[in-house]
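Biologist: Could you pick one part of this model for a close look, and then follow the connections outward from there? Take your time; a long answer is fine.

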Amino acid sequence: MKFREKLKDIKGRLSDRHMYSIVLVVTAVIAGFGIYQYKRSIDFKDQVERGYQRAFTDLVHYVNNLDATLTKAIVANAPSQLSALAVDLWRHAAFAQANLGQLPVSNAELDNTANFLSQVGDYTYSLSKKAENGEKLTSEEINRLSELQKYSANLNEKLQQMESEMFGGVLRFGSFSNITSKITGGGEQSFDKSMSEIENGFSEYASLIYDGPFSEHVRNRKPRMIQDAPQISEDEAKARLMNFIGADKVSSVEITGESNGDILTYSCTASVQDRQIYAEVTKNGGHVLLVLDERQPEQAQMEVQDAAMAARDFLARNGYQNMFESYYQREGNTVLINYAFKQGDYVIYTDLIKVKIALDTGEMIGFEAHGYITNHLDKRQLPAESISEGEARGKVNSAIEISDINKAMIPLENGKEVFCYELKGRHNDKNFLVYINVENGNEEKILILLENENGTLTI
Amino acid sequence: MKRNTLIILCWIFVAGSFIISSLTNGPALQTANGSDGSNTNNDTQLLARCVNGEARGEPYIGQVAVAAVILNRVKHPSFPNTLSGVIYQPQAFTAVSDGQINVPIDENSQVYKACREAMNGSDPTGGAIYYYNPAKTTNQWIYNRPVVKTIGKHKFAK
């Protein structure tokens, strides 16, 4: 009864002074607004879906090309033809991978697929370089190529199928459409699921070992300095760290955990005065890998040169001999200096240590020795220099004005270490470093030197 | 008369706020105050924005670790080959999907310095390419990845 009365009451109120029409208008406005917003969101959803469709169809296009090119590469006879095909293949694989990275699927479902795309172009390119140098491809390598082609054919087929599903309106990319399909009961294939099926097709894909930067053996190289070194205890690690930072500075060191990454380490925290310093010490051999001190000096009281001297002292004190400054970068009141090991006349760039010095006290507030620990050898076999300095100059582009010539050992992308002349020169207002192999005169690498008041960067 | 005008004004206020709230966007896209606009500065700014969204409030070392994971992904064959490719990869980072990637980061802030640290080569994660907060993550698959270490509230995995 009360309800009826309430209704009557509302009706009464509405008929009072046009209230009825006002309420109606306002409701219509809000409803119209709601409909407008809904339509806009549909538009956005479609726009996003179109973006995904573009990325997907591009992916299909490039994988198709990749498959065709790889098939041709298997039957190519002349090294120059293999080279040309390898370049094409690398390009298709790179674009395919870039488009794959734009699709809304979690990395779990495209780990192997992306891996395959990274390696296939790389691998073929390394084989083509072999062929160019006159080496014949081994039967194993040719078999490998055939295997890769089988994978690419499989991938191509599955993707073509997915593309048909997409054009047929069955395959949708955006995750919001899954809700509707759940409600309507299906007829829609989810993109995630299709990608998982493709990913499973790669489960037998064994990792490739070859002459390229993505090869397993290059990425998972065992660090040289700790290979056969014995494991140290936690107490030993604490003692070494305390000594490293300075027994007079450090009040205590605690082990906070362990790291099971590419280098096994103890994670430590050293207590210094008013703050804590994070550090890592390798379990094997007890080398300090990393020191991170957050301290920000208030002002600079020394020049970079003095800081470099302080850093060199620090390194010598801790057993790192023959380290020379290569590049530095100033940040606020600190400076980060790169040190490379020098053997004889050669600056060994792979054996790299980075030291951060505070420009007020000259103390070490940062240390990073990943490069050194991975690559350092006390004595490398120095090559016979078949090319003289004069000949090396001749190998450099005549447009470059050469100002300086040194010697260095640099790493190539496939992990190889080459000994070179390092020629510094200028062209068109830009500074370059050109590396000429001392054994065969090959132009191994060119770097651009970017210098500003904060330091030097090489690219 | 007064009471009815009040009611009408209330309705207009409600409708108006509806309209205004849906027309304005989330955190507006602002430009960063990079000092010289070189490539490395923009990369660092982008990295800092992502790390800020992912690890704001974590200690310095935690932020360096998250930045290092992102940089490790760029080098890893299973991920896109550019920094922006890795950061903007769909479903990779919540900071991107909820718009925090558009918040500019001050170059003097802790997170920016953490990113510089990581870009200089410091990697406290030992090469990890995944990280997750075990208290919050709903993704079951990530638990199968081998854990390298734990920093703060994040576990880092390969």
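**A loop and its surroundings**

Modeller: Let's start at A:Asn322, which sits in the loop between H10 and strand E7 (323–331) of chain A. Keep in mind as we go that this is a predicted model. What makes A:Asn322 worth a stop is its backbone: phi is near 60°, a positive value in a residue other than glycine. Most residues other than glycine have a negative phi. As for how much of the residue shows, its relative accessibility is 45%, so A:Asn322 counts as partly exposed, a class that runs between 20% and 50%.

Chain A has another case to set beside it. A:Asp429 also has a positive phi without being a glycine, near 65°. This residue falls in the loop between strand E12 (417–427) and strand E13 (430–437) of chain A. With a relative accessible area of 66%, A:Asp429 is over the 50% cut-off and therefore counts as exposed.

Now step back to the other end of H10. The loop between strand E6 (288–292) and helix H10 (304–317) of chain A holds A:Asp293, and its side chain meets that of A:Arg275 in a salt bridge, 2.7 Å from N to O. A:Arg275 belongs to strand E5 (residues 275–282) of chain A, and the pair links distant parts of the chain, 18 residues apart. Both partners, A:Arg275 and A:Asp293, are buried.

That loop between E6 and H10 also carries A:Arg295, while A:Asp360 lies in the loop between strand E9 (346–358) and strand E10 (364–368) of chain A, so this second pair ties together parts that are 65 residues apart in sequence. Here the side chains of A:Arg295 and A:Asp360 form a salt bridge at 3.0 Å, N to O. A:Arg295 is buried, and A:Asp360 is too.

E5 of chain A deserves a few words, as it is the strand that supplies A:Arg275. It is mostly covered, with seven of its eight residues buried. On one pairing, strand E4 (residues 264–272) of chain A runs antiparallel to E5(A), and eight bridges join them. Within that ladder, A:Thr269 stands opposite A:Tyr278 of E5(A). E4(A) and E5(A) make a hairpin with two residues between the strands, where A:Gln273 takes a positive phi near 45°.

E5(A) also pairs with E6(A), again antiparallel, this time through four bridges. There the bridge partner of A:Glu280 is A:Leu290 in E6(A). The hairpin of E5(A) and E6(A) has five residues between the strands, and in its turn A:Gly285 has a positive phi of about 95°.

From strand E9 we can cross over to chain B. A:Lys356 and B:Glu117 meet through their side chains in a salt bridge of 3.5 Å, N to O. A:Lys356 lies in strand E9 of chain A and B:Glu117 in helix H6 (residues 110–119) of chain B, so this contact joins two chains. A:Lys356 has a relative accessible area of 11% and B:Glu117 one of 9%; under 20% means buried, so both ends qualify. Elsewhere in chain A, salt bridges that share partners join A:Arg224, A:Asp351, A:Arg380 and A:Glu417 into one network. Over all chains, the structure holds 24 salt bridges.

On the chain B side, B:Glu117 has buried company in H6(B): the buried residues of that helix also include B:Val111, B:Tyr112, B:Ala114, B:Cys115 and B:Ala118. After H6(B) comes B:Gly121, whose phi is positive, near 115°.

To round off chain B, there is an open sheet of three strands in the order E1-E3-E2, with antiparallel pairing. Strand E1 (130–132) and strand E2 (147–151) of chain B are its edges, each pairing on one side only. From one strand to the next, the twist averages 20°. Three bridges pair E1(B) with strand E3 (residues 154–157) of chain B in the antiparallel sense, and B:Tyr131 stands opposite B:Phe156 in E3(B).

Conventions
Residues are numbered from 1 along each chain as its sequence is written. Chains are lettered from A and ligands numbered from 1 in the order in which they are written. This is a predicted model: local features need pLDDT of at least 70, side-chain atom pairs count only at pLDDT 80 or more; totals for chains, interfaces and linings use all residues. Side-chain values use heavy atoms; hydrogens and water are left out. A salt bridge is a side-chain nitrogen of Lys or Arg within 4 Å of a carboxyl oxygen of Asp or Glu. Buried means under 20% relative accessible area, exposed over 50%, partly exposed in between (1.4 Å probe, protein chains only). Two strands pair if DSSP finds at least two bridges between them. Axes are lines fitted to C-alpha atoms, for helices over the stretch in contact, and angles run from 0 to 180 degrees between N-to-C directions.
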